[in-house]
Amino acid sequence: MIDAALLQLPEGAHDVTVVREIDGLSYIDPDDPAMPSYRVIANNRQPVALRDMMILPVRTGYIGADRLKPDPALIPPTGEQAVPDVDETTVYLPVRDGHVSAQVYRPQAAASDAVLPVILYAHGGGFTVGSDFDTAYITRRLARDNTAVVVSTNYRMAPEYPYPTPLDDVADVYAWLVREAGRVGGDPARVVVAGDSAGSNFAAALALYAGAHDLPAPAAVIMLGAFADFTQERWPSFQAQAPRGIVYDSAFFAFIRSAYLPTTAWTDPLASPIYGDLHGYPPLFLATGTHDPIIDSARAFASLVADAGSPVDGYWPDGMPHGFYFFPGVHSEGDVAFERCAAFLAEHL
């Protein structure tokens, strides 16, 4: 059901999400007149640029590179182990500057010739880390629970690629799907956009992006760990929880905001959809725990969309942190989130 032409990069093309050496943040032209100063600095510290110094521990810490022997009793099942009855295929999809890699998930219970609804999924990671493989449990579950084709896309990340490049990559994949979803066994007329954390921000923004770029509106928007506002300091939940947050805190938030939006207004609607014109917004499902610092903004966004006349279902489990839906078998509230999401999509797809 997947077009074989998508299984490898076209000749001469490259995957723009793979960081090449020239993409490094601290590349310095050898002829730069300040090179003598930079050599002195480099003699004292590596890397030279402070921005490189800051992103390194974020990326290594996120994947646990400094933890060589984790307790096996605390390692949850992989996505494939938890949701085995889903086929997975790597494809390469076109974006404006090249191609991005993506995983296509299709439930094995679906007939091979069935044209299924499509869920475009963007992974989280604070706009700076992560990949489609990190969210394999989520995307496999969405495919199985909704009898849908899930296209889990990679995108270029900040700080190497700040706004709007990451959003543009996801938007280009969306534009391709509403034209060409048949090439991955999906229905171009039924494309849902979804994501967790930073990916939920892209999903929310895509509904506004589509209207401004003459694209069909998404059939629905799914936001896990719903992130709709970069001006978080105005919300009581952020003020109370973020300074000492565990999964999500104010220090990390400030870092990712400066990485993703170094020159963009924090209230730009494509960065903070809560400031957008929400009339005609697609049906919206959100799941965010009450111990997530961004809960107040998530609830406010849900209310604004509902007040604008669109169907909304918000699930706000008590005591749950950012990412409570991420690991199989850890929180029963995660199962509830997927079940409510499936019921919502069944009603609106």
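Where does Pro 164 lie? In this predicted model, Pro 164 sits in the loop between S4 and H5, and the peptide bond joining Tyr 163 to Pro 164 is cis, with omega about 10°. Pro 159 turns up in the loop between strand S4 (149-153) and helix H5 (165-180) too, and here again the bond, this time from Ala 158 to Pro 159, is cis, with omega near 0°. For context, most peptide bonds are trans, and most residues other than glycine have a negative phi.

Two non-glycine residues go against that habit for phi. Phe 127, in the loop between S3 and helix H4 (136-146), has a phi near 65°. Asp 214, in the loop between helix H6 (198-212) and S6, has a phi of about 55°. Their surroundings are another matter: Phe 127 counts as buried because its relative accessibility is 0%, under the 20% cut-off, while Asp 214 counts as exposed because its value is 75%, over the 50% cut-off.

As for the sheet, it is open and has eight strands in the order S1-S2-S4-S3-S5-S6-S7-S8, with mixed pairing. Strand S1 (86-95) and strand S8 (312-315) take the edges; each has a single partner strand, so one side of each goes without a neighbour in the sheet. On average, neighbouring strands are turned by 20° against each other, direction ignored. Within this arrangement, S5 (residues 186-196) and S6 (residues 221-224) run parallel, paired over four bridges; Val 193 has Val 221 in S6 as its bridge partner. Helix H10 (residues 332-348) packs on the sheet, touching strand S3 (116-122), S5, S6, strand S7 (284-287) and S8, and its direction makes about 175° with that of S8.

Key
Residues are numbered from 1 along each chain as its sequence is written. This is a predicted model: local features need pLDDT of at least 70, side-chain atom pairs count only at pLDDT 80 or more; totals for chains, interfaces and linings use all residues. Side-chain values use heavy atoms; hydrogens and water are left out. Two strands pair if DSSP finds at least two bridges between them. Axes are lines fitted to C-alpha atoms, for helices over the stretch in contact, and angles run from 0 to 180 degrees between N-to-C directions. Contact means heavy atoms within 4.5 Å. Buried means under 20% relative accessible area, exposed over 50%, partly exposed in between (1.4 Å probe, protein chains only).
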